[in-house]
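Below are some notes on the model, set out as numbered points. Please read them with the sequence and coordinates open.

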Amino acid sequence: MHGTLSPPQPMPIPLPRRAVVPSAVLGTLIFVVAEVMFFSGMISAFTISRANSLPGMWPPPGQPRLPAGATALNTAALLASGALLLIASRQWRADPPRARWTYLTSWLLGAGFVVLQGREWSALLADGLTLTSSTLGAFFYLIVGAHALHAMGALAALGWGAVLLWRGELTRGWFFGTQTFWYFVVLMWPIVYARVYF
Amino acid sequence: MATTTTRDAWLLTMASLGLPAPAFACPVCGVSATEQGQAAYIVMSVVLSLLPLLGIGGLVAWVAVRMRAASGTAERPRDSRRD
């Protein structure tokens with residue numbers, strides 16, 4: 001009744017799919033490109049305003065000088081934080097628990113940067129540099145404040161990453177996504193520092 | 001008729017390129033009191049024009065390089081960690 005059955009053919013095994021770029025990293029990078037344009041617009045406006053000032057009128061008379069020397073320490077802390085996060089990333093790839101303390105130190109240096117910036121702001125406000133006191137004050141608080149907001153957002157994400165790392169639940173997507181955003185914060189700062197403080 | 005209008009528009013556009021001073025988009029920045037101000041305006045215009053192209057172009061190029069690299073190592077074992 002039935003014909004001879006042919007031997008069963010082996011089903012082709014699909015090759016495992018691997019993301020070329022983790023979705024979190026790609027999404028963060030697209031966001032970072034938009035953020036770069038956001039900062040570029042503000043820095044551009046500041047540069048043109050400053051260039052249009054009359055000779056001897058920048059910084060505006062009666063306004064305090066920005067503490068470029070003291071801010072160099074904050075800058076060093078932020079750059080060290082970025083370098084430590086890179087080391088933590090390599091440690092995490094090899095053996096996740098090894099990255100814990102490097103990661104935490106990186107976070108603490110980043111938090112230190114924000115705290116030192118806050119102290120600097122309170123001193124400048126006490127000296128009379130406010131958002132409405134001059135063009136310098138308006139641009140300073142706008143640009144540096146926008147950067148500080150980004151730094152705090154990134155620190156919150158990195159902080160949650162630290163919790164996940166301690167629990168052994170940190171995923172590639174969360175780590176590399178937040179890492180990408182932190183590098184943006186770290187690398188944007190020297191540009192802001194060089195442009196606004198000098 | 002349409003061809004003539006298109007040609008006229010094209011000629012008008014080309015002719016406007018010979019008059020850069022009135023073509024400044026920002027009347028405050030372009031007519032700066034100082035040469036330094038005008039130079040800053042032009043430099044920042046160039047930077048702001050090129051930056052998005054560099055950003056998006058760089059991102060696309062980087063993904064393309066990663067795809068090429070991944071296609072060469074497709075048979076490597078997958079990382080067991082979760083994405």
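How many helices and how many strands does chain B have? The first point takes this up, and the later ones turn to chain A.

1. Chain B. This is a predicted model, and in it chain B has three helices and zero strands. Read from the N terminus, the order of elements is α-α-α. Of its 83 residues, 11% count as buried, where buried stands for under 20% relative accessible area. The accessible surface of chain B is about 6,600 Å², and carbon and sulfur atoms hold 70% of that area.

2. Make-up of chain A. Chain A has five helices and zero strands, so that its elements, taken from the N terminus, read α-α-α-α-α. Buried residues make up 45% of the 198 in this chain. Its exposed area is about 10,400 Å², with 70% supplied by carbon and sulfur atoms.

3. Overall dimensions of chain A. The radius of gyration is 24 Å, whereas a compact globule of 198 residues would come out near 16 Å. Along the principal axes, the C-alpha atoms occupy a box of roughly 105 × 35 × 20 Å. Both values should be kept in mind when the contacts below are read.

4. Contacts and charges in chain A. Take the contacts between residues at least 6 apart in sequence: 80% of them join residues at least 24 apart. Chain A carries 12 positive and 5 negative charges, and the mean positions of the two sets lie 9 Å apart.

5. Helix α4 of chain A. This helix covers residues 135-167, which is 33 residues. At 1.5 Å a residue the expected span is 48 Å, and the end C-alpha atoms are indeed 48 Å apart, so the two values agree. Just after α4(A) comes G168(A), with a positive phi of about 75 degrees.

6. Helix α5 of chain A. Residues 172-197 form this helix of 26 residues. From first C-alpha to last it reaches 37 Å, close to the 38 Å expected at 1.5 Å a residue. Is α5(A) largely enclosed by the rest of the structure or largely open? It is largely enclosed, because 19 of the 26 residues of α5(A) are buried.

7. The loop between α1 and α2 of chain A. Helix α1 takes in 23-51 and α2 takes in 68-94, and P59(A) sits in the loop between them. The peptide bond that runs from W58(A) to P59(A) is cis, with omega near -5 degrees. This bond is worth a look by eye.

8. L66(A). The same loop, between α1 and α2 of chain A, also holds L66(A). Its relative accessibility is 13%, so L66(A) counts as buried. Leaving out residues up to four places away in sequence, L66(A) touches L124(A), L129(A), L136(A), F140(A), V196(A) and Y197(A). V196(A) is 130 residues away from L66(A) in sequence, yet the two C-alpha atoms are 8.6 Å apart.

9. F198(A). This residue belongs to the segment after α5 of chain A. Is F198(A) buried or exposed? At 52% relative accessibility it counts as exposed, since the cut-off for exposed is over 50%. Apart from neighbours within four places in sequence, F198(A) is in contact with R50(A), A68(A) and Y193(A). Its C-alpha is 9.6 Å from that of P67(A), with the two positions 131 residues apart along the chain.

10. Two positions in helix α3 of chain A. L125(A) lies in α3, which spans residues 100-126, and S122(A) is in α3 as well. L125(A) has 43% relative accessibility and therefore counts as partly exposed; S122(A), at 44%, is also classed as partly exposed. Beyond four places in sequence, L125(A) touches T130(A) and Y141(A). The C-alpha atoms of L125(A) and M42(A), 83 residues apart in sequence, are 21 Å apart in space. For S122(A) and R18(A), 104 residues apart along the chain, the C-alpha separation is 49 Å.

Methods
Residues numbered from 1 in each chain as written. Chains lettered and ligands numbered in written order. Predicted model: local features only at pLDDT ≥ 70, side-chain atom pairs only at ≥ 80, totals over all residues. Heavy atoms only, no water. Helix = DSSP H or I, 4+ residues; strand = E, 2+ residues; numbered from the N terminus. Rg over C-alpha atoms; globule rule 2.2 N^0.38 Å. Buried < 20%, exposed > 50% of the residue type's maximum accessible area, 1.4 Å probe, protein only. Contact = heavy atoms within 4.5 Å. Areas by Shrake-Rupley, 256 points an atom, 1.4 Å probe, with all protein chains shown as cover. Lys, Arg positive; Asp, Glu negative; His and termini not counted. Charge placed at Lys NZ, Arg CZ, Asp CG, Glu CD. Expected span 1.5 Å × (residues − 1).
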